[in-house]
Amino acid sequence: MAKVSLQHLRKVYPNGYVGVADASFDIADGELLVLVGPSGCGKSTLLRMIAGLETISGGELRIGERLVNEVPPKDRDIAMVFQSYALYPHMTVAENLGFGLKLRGLDKAEIARQVGEAAAMLELQPLLDRKPAALSGGQRQRVALGRALVRKAQVFLLDEPLSNLDAKLRMTMRVEIARLHRQLGTTMVYVTHDQVEAMTLGHRIVVMKDGKIQQIDTPMALYNQPVNLFVATFLGSPKMNTLTGPVSERDGDLHLRIGEGVDLRLRPQGEALEKVRGYLGRELIVGLRPEDMHLAEAGPHTVPAQVEVVEPVGNEAFLNLSCGGSDLVLRLPPFDLPKVGDTVHLSYAAERMHFFDRESELRL
Ligand code: ADP
C-alpha cells in the first residue's frame with residue numbers, strides 16, 4: 001500500500017491541447033479516491049499519467065516516497081482495470097487470472113494458490129474453467145478485477161470499469177468494489193463520469209472540468225458546499241434548481257425577483273447575509289436542491305408555480321414545474337400528487353439555499 005502524491009501535474013498533448021492543466025493533491029494510503037467529470041474533462045488522462053501510460057508534461061508524481069515521472073508502468077507497482085476487460089479469449093478464467101504470475105516465473109503450485117485466493121475473494125471459483133466467451137459482462141469484469149488483484153499492487157487504478165454493464169449489474173458491482181476495497185485496504189483511484197458512482201464509492205471525490213480540478217472533498221461536503229455552479233449542478237440527481245434574478249430589499253427582507261411579481265425571500269445565514277446584501281440591485285443565482293422545496297398552502301413566503309410534468313418513479317416522484325419563467329424540479333413522496341396544469345405553491349428551506357455570483361459562478 002502507498003500514498004500517491006501529485007504536484008502541479010500537467011499534460012499537454014503533442015497538438016498543444018492541455019488535457020490536464022495543474023493537478024495537485026495527495027491520495028492517502030488506503031484511500032478510495034474518485035475522479036469524476038463530464039466526458040473530455042481530463043480524468044482518464046490524469047489516471048493514465050499515474051499509470052505511466054501517458055507521459056507527464058510538467059509537475060511531479062510520487063507513489064510512496066518515490067518520484068515516478070520517468071518510471072515505466074511495469075515498475076510502478078500499480079494494477080489497472082479498464083472499461084474493456086481485455087481478457088485473453090483463448091484462456092480459461094484460471095489462466096487469465098494466473099497469466100501475469102506465470103510470466104513472472106512463479107511455480108504452478110504458487111500460481112494455483114494465488115489464483116484460488118483471488119477467485120475466492122471475487123466468488124469466481126465455479127467459473128475457473130470457463131473461457132471469457134461463456135461469461136456474462138459482470139463476470140468478465142470480475143475476472144478483470146481478479147487479474148488486478150493477483151498482482152498485489154500497491155495502487156489500483158480503475159478506468160470506468162463498470163460503464164459496459166447494465167444499470168442493475170453496475171449497482172451490484174459497485175457494492176462489490178466497495179467491499180473489495182474494504183477487504184484489501186489498497187489505495188484505489190477510480191475514474192467515472194457517473195456522479196452516482198462517484199458519490200457512493202468515493203471517500204473523497206475530485207471533480208474536474210476542462211482539464212482543471214474544480215473541487216476535492218468528501219461526497220457530502222461537495223453536495224452541501226459546492227464551490228461553484230458547475231460542481232453544484234453536476235452532483236445530485238435530479239440536479240440542483242437554479243433561479244436567477246436581481247436582489248431587492250423589502251420590509252427588511254432580501255428577495256430575489258424570479259419573474260413578473262414573483263419574489264423569492266432569501267434568508268442568508270451568517271457571513272452570507274452581508275455578501276448577498278452586496279448584490280442589491282444586481283443579479284444573483286440562487287440554487288435549491290429538489291428535496292429542499294415543498295408543496296405548501298399559499299402564504300406570504302410561498303411562490304406560485306405551474307405543474308408541467310409529473311414523474312412517479314415508485315418510491316418517490318419528480319414534479320417538473322414552471323416558476324416565474326424558470327424550470328424547477330421537486331422530489332416528493334409519491335402520494336396526492338398535483339396534476340399537469342395545476343397551479344401549486346412552493347415553500348423552500350431558505351437555510352439550504354446556495355448563492356452564486358452570476359459572472360464568475362463561484363459560491364458567495
Ligand atoms: P475524459 O477521460 O475525462 O473523458 P480524457 O482524459 O480522455 O477525458 O481527454 C481529455 C481531453 O484531452 C479531451 O478533450 C480529449 O479530446 C483530449 N485528448 C485525449 N487524448 C489526446 C491526444 N492524444 N491528443 C490530443 N488531445 C487528446
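Two strands count as paired here if DSSP finds at least two bridges between them. With that in hand, welcome to a few close-ups of this predicted model.

**View 1. Strands E11 and E12 run antiparallel, joined by four bridges.** Strand E11 covers residues 241–250, and strand E12 covers residues 253–259. To find your way in, start at Ser 248, whose bridge partner in E12 is His 255.

**View 2. Five strands make up an open antiparallel sheet.** Reading across, the order is E13-E12-E11-E14-E20. The edges belong to strand E13 (262–266) and strand E20 (354–357); each has a single partner strand, so one side of each is left without a neighbour in the sheet. On average, neighbouring strands are turned by 45° against each other, direction ignored. As background, strands of a sheet pair through backbone hydrogen bonds, in either a parallel or an antiparallel manner.

**View 3. A salt bridge joins Asp 263 and Arg 250 within the same sheet's strands, E13 and E11.** The closest N and O atoms of the two residues are 2.8 Å apart. Because Asp 263 sits in strand E13 and Arg 250 in strand E11, the pair ties together parts that are 13 residues apart in sequence. Asp 263 is buried, at 14% relative accessibility, while Arg 250 is partly exposed, at 38%.

**View 4. Helix H2 turns a set of buried residues toward two other helices.** H2 spans residues 93–103, and its buried residues are Val 93, Asn 96, Leu 97, Gly 98 and Leu 101. They pack against helix H3 (108–121) and helix H4 (137–149). Look just past the helix for Gly 105, which follows H2 and has a positive phi, near 85°.

**View 5. Glu 117 and Lys 152 meet in a salt bridge.** Their side chains come to 3.5 Å, N to O. Glu 117 belongs to helix H3 and Lys 152 to the loop between H4 and strand E7 (155–159), so this contact ties together parts that are 35 residues apart in sequence. Glu 117 is partly exposed, with 39% relative accessibility. Both residues also take part in a network of salt bridges that links Glu 110, Arg 113, Glu 117 and Lys 152.

**View 6. Asp 75 and Lys 74 form a salt bridge between their side chains.** The N to O distance is 3.4 Å. Lys 74 is exposed, at 65% relative accessibility, and Asp 75 is partly exposed, at 36%. How many salt bridges does the model hold by this rule? The count comes to 21.

Note on methods. Residues numbered from 1 in each chain as written. Predicted model: local features only at pLDDT ≥ 70, side-chain atom pairs only at ≥ 80, totals over all residues. Heavy atoms only, no water. Axes fitted to C-alpha atoms, helices over the stretch in contact; angles between N-to-C directions. Buried < 20%, exposed > 50% of the residue type's maximum accessible area, 1.4 Å probe, protein only. Contact = heavy atoms within 4.5 Å. Salt bridge = Lys/Arg side-chain N within 4 Å of Asp/Glu carboxyl O.
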